[in-house]
Structure formats: structure tokens, C-alpha cells
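Here is a colleague's note to read alongside the model, written for someone meeting it for the first time. Please keep the structure in view while going through the points.

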Amino acid sequence: MMHPIDRFAAVMVRRGPRRLRIFPDGWGDRTAVSRMEDIDTVLAPAAEIEIEWEPIKHLPDRTTRDGSFDAITDVPTAAQKAQVRIIAPPHGTDRMCLLMAAWNDHGYNTRQHLAEELLGHDIASLLLEIPYYGHRRLVGPEEQPIRTVADFARMGLGALAEGRALLKHFRPHYTMGVSGYSMGGNIGALVGAAAGFPVAMAPLAASYSPGPVFLDGVISNGIQWDALGGVSQRDELRSALTAASVLRMPPPDWAPAAVMVAAKSDGFIPAAAVNKLHQHWPGSELRWRRGGHATLLWRQRRVLADAIADSFDRLASLNST
């Protein structure tokens, strides 16, 4: 049964402010949409990046540092400068987790709460502002930044490429991991599976692809079918979004280190979509918790942080065998 807060969210997505509308300008450039099917690009060697860093800020319980680097995929000019932030224990650490952004997760505030929980596990967090989000958005805060399906494709492929590049960039200095909540968990799973070297993986409230989330969950209430050519386009949209699927990639050797967390009453992420990701990664662990999509994130951050930390421990055990 769907959690009451998720049911309320379904109403808000359908009747709420314009920024909640999904694909209000339709398909956009179909060539960009088709790039989500190019698995060879996803599995190509990760790009090299050069990060321009600002001075480190020292606080009693952490250090923070902001940086930026040039985008490495086809994104609009306003989204060309990628922003990153490191939040680390003041005494340093040899573990770092890349936290990917969820849908409508602008800025760092939401992920920063999870990063603060990870400090207690001596894990540094690396936060990326993905294309179209935060400082990289093309429209004002009252508008949906992902205007078309093509925008979604550019955002997703950009986030995947930048996430992989960041793992590669920091690998010489840390044992790396990747996580994220909801869409961030899905993108994080793609990043981790395509990393090219062992990483800790903790997809949180995550589907194997965006398809079931957008077509079968709460978010489906906000899709602007008129702009897409009518509800008759449902199968085509499902096919396009499902192309960005972890199931299209071979399970990595480090799949047994993965720890997933999901909510039993999640109205956004279908349970079958979570189970398919779990089943695709032999040896991975899936932890079901009471609650809905929102309450799992709001009230159980310690549970989420524990899953990330446990994935690092499982990776260490895997590497030692």
C-alpha cells in the first residue's frame, strides 16, 4: 500500500506548481533521445577532468571544499561548468562516496544531510551538481528545468559521464563508492557498474532504469502527454527511458559489495523495479524498510548511511579474498 505522504505527492504532481510538470515541451531533439541506447558510449573509458578548487574551509567537525570542471558531454552552454563539493572528516579519511542528485535535487542541501551522517563512518562525500540542476539550470526556480525528453537524456548521460570521471579522478587517493537516492540511486548504479574498477555501491530507493519510475509511479501523474503527442506515446516513452538501464550492462565483479535500501510503501519506485536491480547483481543485499519514498529519506538517514558504510566494508572483504 502506498504511503499517505506519497499519495499526497501524487496529487501535487498532477495539480501543483508548473515546476512539477514532466516534459512540458515534449520530445525535443530525437537524436539526443536515441543516445540513451548507445551502451558502447557508457562503457567507453572514463574521461579525464581537471578540477579548479577553491580554498578549503575548516569547521570543527568537517572540512569542505568547492570546485568546478568543464562538462564532458553535449549540454547547453549554461550547464557547461560542473560544480562539486567535498565534505570530509577533519582528520582525513581514505574512503570517499560520490552522492548523485535525485529528481529536482538542486544544490547540495538534501545530500549534505546524508554526507553529515557519513562523517560518523569516516567517509568523505563528493557531491556533484548534474547538468540542468542547481547552478547549471537553464530556467528560473518556478520552472521545470528538464523541459523535454531530450533534456532528460542529456542530463542523464552527462551525469553518468561526469560521475565516472570523478570516480577515476579520485581513485588514486581514496577507496571510492557511489550512492544516491531515487534518480540519484539509479544514476549511481549505472556509474558504479561502469566504473571500470571496484567501487562500493549503495543505490537507495532506486530502480534499474527511469522507465518504471516515470510510467508506473507517482511521477507519471505529471507527464504532459499532450506535449508528447498523446497518451498513445506511452510505449515509445517507456522504451526511450528504459534504454538507460543497469540491466543492459553486465554485472560488475564488485556487485556482491552492493547494499540497497528500499521502502515498503514507496509510491515513486515500484518494488519490482528495485528487485530487478537486486537480482541483476548476484550477491548484493537488499534491505526493505517501513515507510514511503519521502519518509525513508527524511526519517531514516542513519539507515541509508549505514548501508553506504556497509558497502565499503563488503568491498574491502571482497578485495581481500
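The numbered points below go through one helix pair and then several single residues.

1. Please bear in mind throughout that this is a predicted model, and that the residue numbers used here count from 1 along the chain as its sequence is written.

2. A good place to begin is the pair formed by helix α5, which covers residues 149–170, and helix α6, which covers residues 183–193; their axes lie 9 Å apart and make an angle of about 55°. Because of that angle, α5 is described as oblique to α6, and the crossing in which α5 passes α6 is right-handed.

3. Which residues bring α5 and α6 together? From α5 come F152, M155, A159, L160, G163, R164 and L167, and they meet M183, I187, L190 and V191 of α6. Sorted by character, the residues of this contact comprise 9 that are nonpolar, 1 that is polar and 1 that is charged.

4. Helix α6 deserves a point of its own, since 11 of its 11 residues are buried, so that the helix is largely enclosed by the rest of the structure. The buried residues include the glycines G184, G185, G188 and G192, together with N186 and A189. Around them, the buried residues of α6 pack against the helices α5, α7 (210–216) and α10 (271–280), and also against the strands β5 (95–100), β7 (175–181) and β8 (200–204).

5. Just ahead of this helix, in the loop between β7 and α6, sits S182, whose phi is positive, at about 60°, although S182 is not a glycine. With a relative accessibility of 11%, S182 counts as buried, because the cut-off for that term is under 20%.

6. F23 may be looked at in a similar way, for its phi is near 55°, which is a positive value in a residue other than glycine. The place of F23 is the loop between α1 (4–15) and α2 (30–34), and with a relative accessible area of 0% F23 is buried.

7. Strand β5, already mentioned as one of the elements that the buried residues of α6 pack against, contains R95. The side chain of R95 makes a polar contact, at 3.0 Å, with the side chain of D313. When residues up to four places away in sequence are set aside, R95 touches D122, I123, A124, Y174, T175, A309, F312, D313 and A316.

8. Is T295 buried or exposed? This residue of helix α11, which covers residues 293–299, has a relative accessibility of 4% and therefore counts as buried. A polar atom of the T295 side chain lies 2.7 Å from the backbone nitrogen of G292, and, leaving aside neighbours within four places in sequence, T295 is in contact with H3, I5 and Q300.

9. A last residue to inspect is L59 in strand β2, which covers residues 57–59. L59 has a relative accessible area of 43% and is therefore partly exposed. In sequence L59 and P89 are 30 residues apart, while in space their C-alpha atoms are 9.5 Å apart.

Notes
This is a predicted model: local features need pLDDT of at least 70, side-chain atom pairs count only at pLDDT 80 or more; totals for chains, interfaces and linings use all residues. Side-chain values use heavy atoms; hydrogens and water are left out. Axes are lines fitted to C-alpha atoms, for helices over the stretch in contact, and angles run from 0 to 180 degrees between N-to-C directions. Helices (H or I, at least four residues) and strands (E, at least two) are DSSP runs, numbered from the N terminus. Angles under 35 degrees count as roughly parallel, over 145 as roughly antiparallel, 65 to 115 as roughly perpendicular and the rest as oblique. A crossing is left-handed if the near helix is turned anticlockwise from the far one by less than a right angle, and right-handed if clockwise. Contact means heavy atoms within 4.5 Å. Ala, Val, Leu, Ile, Met, Phe, Trp, Tyr, Cys and Pro count as nonpolar, Asp, Glu, Lys and Arg as charged, and the others, Gly among them, as polar. Buried means under 20% relative accessible area, exposed over 50%, partly exposed in between (1.4 Å probe, protein chains only). A polar contact is a pair of N or O atoms within 3.5 Å; within protein, one must be able to donate a hydrogen and the other to accept it, and residues adjacent in sequence count only if both atoms are side-chain atoms.
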